[in-house]
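Biologist: Hello! I am new to this structure and would love a close look at one part of it. Could you walk me through the packing of a pair of helices, and then show me a little of what lies elsewhere?

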Amino acid sequence: MTTSSDFLSHLRPFSPGEVRTMLRPGAVVTAAAWPEENVRKIHVIRIGGAGMSAVARLALEAGLEVTGSESQEGRFLPPLRELGARITVGFDADSVEEDTDLVIVSTAVRADNPEVRRAHELSIPVIHRAAGLAGLLGEHAIIAVAGTHGKTTTSAMATLALRAAGVEPAWAVGAAVAQLGANASQGASEYAVVEADESDGSFVAFAPSVLVLTNFEADHLDFHGTEQNLRAVLSAFAARLAETNGTLVACADDPGAHAFALDARDAGLRVVLYGEHSEATWRIVADHSNASGAHVQVVAPDGQNVDLALRVPGRHNVLNGLGVLAALDILGIERESALAGLAEFEGADRRFQVAGEVNDVAVIDDYAHHPREVAAALAAGRERAEGGRLVAVFQPHLFSRTKAFTREFAEALSLADEAVLLPIYSAREDFDPSIRSEDIAALVDGGARVLEADDVPNYLAEHAHDARVILMMGAGDIVDVSPHVLEALKARGA
């Protein structure tokens with residue numbers, strides 16, 4: 001059992017014996033938080049990522065001058081340029097101008113980046129993106145969404161539900177959301193919705209008023225090392241609720257989140273549980289969902305029956321929406337308006353997103369890159385297929401994650417009628433010859449093929465044209481393959 005001191009001893013400022021986090025000054029980061037003095041101009045390294053572009057957009061809307069750099073052109077850069085950001089492609093020390101007040105980096109930025117070295121030479125503070133977000137959001141009451149899976153979807157749901165209730169929150173989410181028009185905004189109210197990333201422990205930069213914990217299990221062990229270390233940094237984050245007299249809203253149906261919430265309650269934090277579990281105070285009592293969307297009946301803490309309806313399918317999305325409803329109820333947001341906003345949610349970019357359909361074959365993109373996410377996406381795909389064939393195409397993300405969850409990935413992919421894998425997408429890691437996609441394929445029930453990305457479209461056109469759903473999954477560049485799959489299906493006349 002976790003004690004109160006375990007939760008409450010990790011508040012800032014950090015000391016060497018505390019949890020590991022990228023916020024702590026080191027070879028890249030030199031400052032743990034937004035400087036107290038007035039900041040007029042910032043430079044954002046790797047500004048083109050979903051998270052980093054959100055920081056840049058918030059800074060631009062706050063009236064700051066923004067420069068930035070990225071390794072290549074990307075979808076988030078043109079909108080930032082339209083707002084006034086000056087962005088260079090390629091990393092060059094000269095991109096960091098002498099009058100820059102602050103440099104912001106992500107975990108992907110290394111110490112040998114020439115712009116980081118230039119900032120050091122000019123004695124310009126370098127902070128992590130989470131500290132940048134915390135500084136830009138200032139005095140907002142923060143609704144933070146944490147968990148191993150579902151953060152982007154849940155954060156987008158919360159933002160739309162608040163807007164439906166007449167509240168214009170600030171927000172920063174980890175993907176494009178068409179209904180929001182952007183992945184971040186300063187908003188026009190006291191509230192802010194933040195996707196709180198556990199991958200590098202940086203979410204401890206925030207002191208939320210409400211923390212929604214969608215689930216908890218091992219991931220990002222390339223940074224944290226062990227699940228115990230990951231749990232320690234989540235405890236440090238939850239402890240920050242004590243600063244705002246805030247509430248932890250946790251999914252009772254997820255074993256990891258449920259156990260964490262009970263420990264948090266024992267430590268003195270205010271806790272609300274949601275789900276189908278008997279201990280949930282927002283409890284699902286009936287499920288009327290079908291392939292076109294989700295619909296559940298819920299009993300609220302006040303005993304009222306609530307109908308939660310969503311356009312997006314999947315049990316995981318039901319739980320995400322219910323977590324949002326519970327969180328906003330704590331803040332006093334009008335319940336019916338929040339439900340109306342949730343009912344209009346159409347999904348976030350690459351979260352079970354239909355890339356296109358050719359006759360009766362739907363090609364769906366999903367960001368799933370953890371075994372549980374793959375299994376959840378395939379469960380939703382099975383609903384969408386309505387008895388037809390379901391084909392999974394999966395690109396493993398990171399050598400370390402693939403090695404840690406080889407068997408679990410195989411078990412998840414076995415839920416499909418046919419599985420195809422791409423080679424491992426290395427992302428920020430160096431090549432590791434000791435693990436390959438073939439290691440997963442060998443353990444999939446009935447076997448699985450491993451193909452290069454260029455070979456996938458023709459293979460699917462030849463062998464999977466009779467599928468009802470082709471589900472393209474992964475956090476790498478598999479998204480670029482989907483248009484070619486649709487073209488190949490059309491050429492064959494699927």
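Modeller: Happily; we will begin with the helix pair and then turn to the cores and a few single residues. Please keep in mind that this is a predicted model.

Our pair is helix α11, residues 315-330, and helix α12, residues 335-343. Their axes come within 10 Å and cross at roughly 150 degrees. Angles over 145 degrees count as roughly antiparallel, and α11 and α12 are therefore roughly antiparallel to each other. As for handedness, the crossing of α11 and α12 is right-handed. Which residues make the contact? From α11 come Gly321, Val324, Leu325, Leu328 and Asp329, while α12 brings Arg335, Ala338, Leu339 and Leu342. Sorted by class, the contact of α11 with α12 has six nonpolar residues, one polar residue and two charged ones.

Now to the cores. In soluble globular proteins, nonpolar side chains tend to be buried together. Here the largest nonpolar core has 62 residues, and the members that touch the most others are Ile42, Val66, Phe237 and Leu248. Helix α2, residues 50-61, gives this core its largest share, seven residues. Apart from this core lies another of 45 residues, with Val210, Ala294, Leu310 and Phe345 among them. To get a feel for the packing, pick out Ile42: leaving aside residues up to four places away in sequence, Ile42 touches Trp34, Ala59, Leu64, Glu65, Val66, Thr67, Thr100, Leu102 and Ile104.

Another spot to visit is Ala385, in helix α13, which covers residues 371-385. Is Ala385 buried or exposed? Its relative accessible area is 0%, and under 20% counts as buried, so Ala385 is buried. Ala385 and Arg468 are 83 residues apart in sequence, yet their C-alpha atoms are 5.2 Å apart in space. Ala385 touches both Arg468 and Val469, again not counting residues up to four places away in sequence.

Finally, let us look at two loops. In the loop between α4 (114-121) and β5 (126-128) you will find Ser123. Phi of Ser123 is near 55 degrees, a positive value in a residue other than glycine. Ser123 is exposed, with a relative accessible area of 65%. The loop between β16 (353-358) and β17 (361-366) holds Asn359. Asn359 is not a glycine either, but has a positive phi of about 55 degrees. With 56% relative accessibility, Asn359 counts as exposed.

Key: Residues are numbered from 1 along each chain as its sequence is written. This is a predicted model: local features need pLDDT of at least 70, side-chain atom pairs count only at pLDDT 80 or more; totals for chains, interfaces and linings use all residues. Side-chain values use heavy atoms; hydrogens and water are left out. A nonpolar core is a set of buried Ala, Val, Leu, Ile, Met, Phe, Trp, Tyr and Cys residues joined through side-chain atoms within 4.5 Å. Buried means under 20% relative accessible area, exposed over 50%, partly exposed in between (1.4 Å probe, protein chains only). Helices (H or I, at least four residues) and strands (E, at least two) are DSSP runs, numbered from the N terminus. Contact means heavy atoms within 4.5 Å. Axes are lines fitted to C-alpha atoms, for helices over the stretch in contact, and angles run from 0 to 180 degrees between N-to-C directions. Angles under 35 degrees count as roughly parallel, over 145 as roughly antiparallel, 65 to 115 as roughly perpendicular and the rest as oblique. A crossing is left-handed if the near helix is turned anticlockwise from the far one by less than a right angle, and right-handed if clockwise. Ala, Val, Leu, Ile, Met, Phe, Trp, Tyr, Cys and Pro count as nonpolar, Asp, Glu, Lys and Arg as charged, and the others, Gly among them, as polar.
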